[in-house]
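Me: I am new to this structure and would like a close look at one part of it. Please take the helix packing, and add what there is to say about the aromatic rings.

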Amino acid sequence: MAVVVVTDSAAGLSADLVAELGIEVVPLHVLVGDRQLREGVEPVEIDYSADSVTTSAASPGELREAYERAMEHSGGDGVVAVHLSRMLSATWEAGRQAVSEMGADGRVRLVDSLGAGLATGLPVLGAARRARAGDTLDAVYECAVAAANRARTFILVNRTEQLRKGGRLSSAAAFFGSELVTKPLLQLVEGKLELREKVRTRSRAVTKLVAAATSAAGTDGVALGIQHLGAAEAAESLATQLREQNPTLTELHIAEFGPTLGVHLGVGALGVAVLPGGCA
């Protein structure tokens, strides 16, 4: 048997990769009016600008079920659970509670990815590949922690209103008026979403996004994850620019932001997750 890696649906990983690497994915929740839908399980069609749409974390009970299922699949070798930043979601804390209730005696290891979307997904891939190669629980856990600490995330949004409504943007929100006339480039710093800089036009903001990601990539090989919400052409264009700027690119993933992140970022959002050293 082998160590099993668990994550949540905000990680942005394709169904093919999840199946190939035996990753257990716990769905987060999208609340649309009085309906509670599980991301990636039930169809979610929403108006991303509606005030009635919110999100919620997985519960300790849901996470415990997933961890126990993963433990069984591992044959007792252990579980490494990598979740989105505890500064952005209660999922990690719910996972901590689930592990405590299980009394797993160190066989379930919890990792705060310090990110969201593919900034969580890329460390998950690295850990799952190590697990499939037969690495020990300690080695898989250390791989996930190291990757989470190396990863960087940059996000371009059209407006910050939805971020402020959800409380996901730090004190940088004070820099913006209710009518945004510049395009904010954001970044995740120690798990917190913060303002990197304001740019007057979207085209200039994309140029800044490419520069930030390339600077963070380094020269020793890099894995990149591009995400978008309703901006597939912009994401493909961004991918072309990043391929040109990063000759040591080892892999690149493109995905749409799922509803639990899209609700907070808004239509038109573009994001780049950078993992120097790749997902080996």
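Reply: What follows goes through three pairs of helices in turn and then the aromatic rings.

The model is predicted.

The pair α4 and α5 comes at the start of this account. Helix α4 covers residues 118-132 and helix α5 covers residues 137-150; they pack at an angle of about 160°, and their axes are 8 Å apart. An angle over 145 degrees counts as roughly antiparallel, and α4 and α5 are therefore roughly antiparallel to each other. Their crossing is right-handed. On the α4 side the contact is made by P123, G126, A127, R130 and A131, and on the α5 side by A139, V140, C143, A144, A147 and A148. Sorted by class, the residues of this contact are nine nonpolar, one polar and one charged.

Next come α2 and α3. Helix α2 runs over residues 60-74 and helix α3 over residues 91-102; their axes come within 8 Å and cross at roughly 60°. That angle makes α2 oblique to α3. The crossing of α2 and α3 is right-handed. From α2, the residues P60, L63, R64, Y67 and E68 take part, and they meet T91, A94, G95, Q97, A98, V99, E101 and M102 of α3. The contact of α2 with α3 divides into seven nonpolar, three polar and three charged residues.

The remaining pair is α7 with α8. Helix α7 spans residues 202-217 and helix α8 spans residues 232-245; the two pack at about 40°, with axes 10 Å apart. At that angle α7 is oblique to α8. The crossing of α7 past α8 is right-handed. α7 brings V206, L209, V210, A213 and T214 to the contact, while α8 brings L238, Q241, L242 and Q245. Here the classes are six nonpolar, three polar and no charged residues.

As for the aromatic rings, the structure holds zero aromatic pairs. Two rings do have an arginine over them, however. R86 lies over the face of W92, at 3.7 Å from the ring centre. R109 has its charged end over the ring of Y141, 5.5 Å from the centre of that ring. Y141 falls within the residue range of α5, 137-150, and W92 falls within that of α3, 91-102.

To go back over the helices: α4 and α5 are roughly antiparallel, α2 is oblique to α3, and α7 is oblique to α8.

Terms used: Residues are numbered from 1 along each chain as its sequence is written. This is a predicted model: local features need pLDDT of at least 70, side-chain atom pairs count only at pLDDT 80 or more; totals for chains, interfaces and linings use all residues. Side-chain values use heavy atoms; hydrogens and water are left out. Rings of Phe, Tyr and Trp (its six-membered ring) pair if their centres lie within 6.5 Å; planes under 30 degrees apart count as stacked, over 60 as edge-to-face and the rest as tilted. A charge sits over a ring if NZ of Lys or CZ of Arg is within 6 Å of the ring centre and within 35 degrees of the ring normal. Axes are lines fitted to C-alpha atoms, for helices over the stretch in contact, and angles run from 0 to 180 degrees between N-to-C directions. Helices (H or I, at least four residues) and strands (E, at least two) are DSSP runs, numbered from the N terminus. Angles under 35 degrees count as roughly parallel, over 145 as roughly antiparallel, 65 to 115 as roughly perpendicular and the rest as oblique. A crossing is left-handed if the near helix is turned anticlockwise from the far one by less than a right angle, and right-handed if clockwise. Contact means heavy atoms within 4.5 Å. Ala, Val, Leu, Ile, Met, Phe, Trp, Tyr, Cys and Pro count as nonpolar, Asp, Glu, Lys and Arg as charged, and the others, Gly among them, as polar.
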